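Trainee: Please take a close look at a single part of this structure with me. I should then like to see how that part relates to its surroundings.

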Amino acid sequence: METTEKVVEAYVRYIKAWATIPNIKCPGQYEIDLLAIDPVTLERYHIESGVSISGGFSQLTTKSFSTDTLKIRERQAEQRRTLGYFVERKFGSPDVVSVLAKYGFKSGEYKKVVVSWGWTDEAAKGAASCGVILWDFRELMREIAHASMDRRTYFTDDTMRTIQLFAKA
């Protein structure tokens with residue numbers, strides 16, 4: 001599990017107070033980053049993280065996505081920062097959809113979330129038209145830090161504890 005995925009899971013688990021299942025392997029070398037369920041409303045979430053701080057590839061874009069281009073090593077980073085990558089590969093792959101169904105996630109009955117280090121205006125519009133919710137990773141970090149400052153909770157989760165200590169420092 002990548003560090004950013006751990007932060008997103010910590011946010012969902014400790015700030016949102018949702019139940020989570022991370023890193024679900026799917027056939028065809030696919031993986032679901034995070035499934036979450038709000039125990040109060042029973043809303044379900046399929047959450048994918050695509051966080052990059054690399055200047056050229058930090059924002060989510062609407063540049064064209066191609067599975068063939070994804071196979072080219074020099075073009076992978078750019079492809080993974082496209083809305084199409086998430087819509088087609090991370091949310092829409094038949095292998096992913098079949099595994100989601102095994103967990104009770106039926107088409108149209110759960111929310112799709114992409115966590116990114118910002119996005120273009122076009123990506124925001126495109127995401128909305130595809131039914132994808134965008135979360136800004138920087139905002140999640142701020143919420144965790146703010147909650148850490150307001151609470152006296154001792155987190156045993158390494159990710160939350162590290163962010164809490166950093167916020168208090």
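Mentor: Let us begin with α8, whose buried residues are T159, M160, I163, Q164 and A167. Viewed along the axis of α8, these buried residues lie within an arc of 130°, so they line one face of the helix. The arc is taken from the directions that run from the helix axis to the C-beta atoms. On the other side of α8, D158, T162 and F166 are exposed. Here, buried means under 20% relative accessible area, exposed means over 50%, and partly exposed lies in between, with a 1.4 Å probe and protein chains only. Helices (H or I, at least four residues) and strands (E, at least two) are DSSP runs, numbered from the N terminus.

The model is predicted: local features need pLDDT of at least 70 and side-chain atom pairs count only at pLDDT 80 or more, whereas totals for chains, interfaces and linings use all residues. Residues are numbered from 1 along each chain as its sequence is written, and side-chain values use heavy atoms, with hydrogens and water left out.

At the start of α8, a side-chain oxygen of D157 comes to within 3.0 Å of the backbone nitrogen of T159.

The wider setting is the largest nonpolar core, which has 22 residues; V8, Y11, V12, I47, V115, W135 and I144 touch the most other members. At least two residues of this core come from each of α1 (3-15), β2 (30-37), β3 (44-50), β4 (111-116), α7 (137-150) and α8 (158-168). The largest share, six residues, is supplied by α1. Such a core is a set of buried Ala, Val, Leu, Ile, Met, Phe, Trp, Tyr and Cys residues joined through side-chain atoms within 4.5 Å. In soluble globular proteins, nonpolar side chains tend to be buried together.

One member, V115, touches V8, I47, E48, S49, G50, V51, W135, F137 and L140, leaving aside residues up to four places away in sequence; contact means heavy atoms within 4.5 Å. Apart from the largest core lies another, of 11 residues, among them Y85, F86, V114 and L134.

Two of the elements that contribute to the largest core also hold polar contacts. A polar contact is a pair of N or O atoms within 3.5 Å; within protein, one must be able to donate a hydrogen and the other to accept it, and residues adjacent in sequence count only if both atoms are side-chain atoms. In helix α7 we find R142, whose side chain makes a polar contact with the side chain of E139 (2.6 Å). In strand β3 we find H46, which counts as buried at 0% relative accessibility. The side chain of H46 makes a polar contact with the side chain of E48 (2.7 Å). With residues up to four places away in sequence left out, the residues touched by H46 include I32, L34, K90, F91 and V113.

Finally, consider two backbone features. N23, in strand β1 (residues 19-26), has a positive phi of about 45° although it is not a glycine. Q29, in the loop between β1 and β2, has a positive phi near 60° and is likewise not a glycine. Most residues other than glycine have a negative phi. N23 is partly exposed, with a relative accessible area of 21%, while Q29 counts as exposed at 79% relative accessibility.
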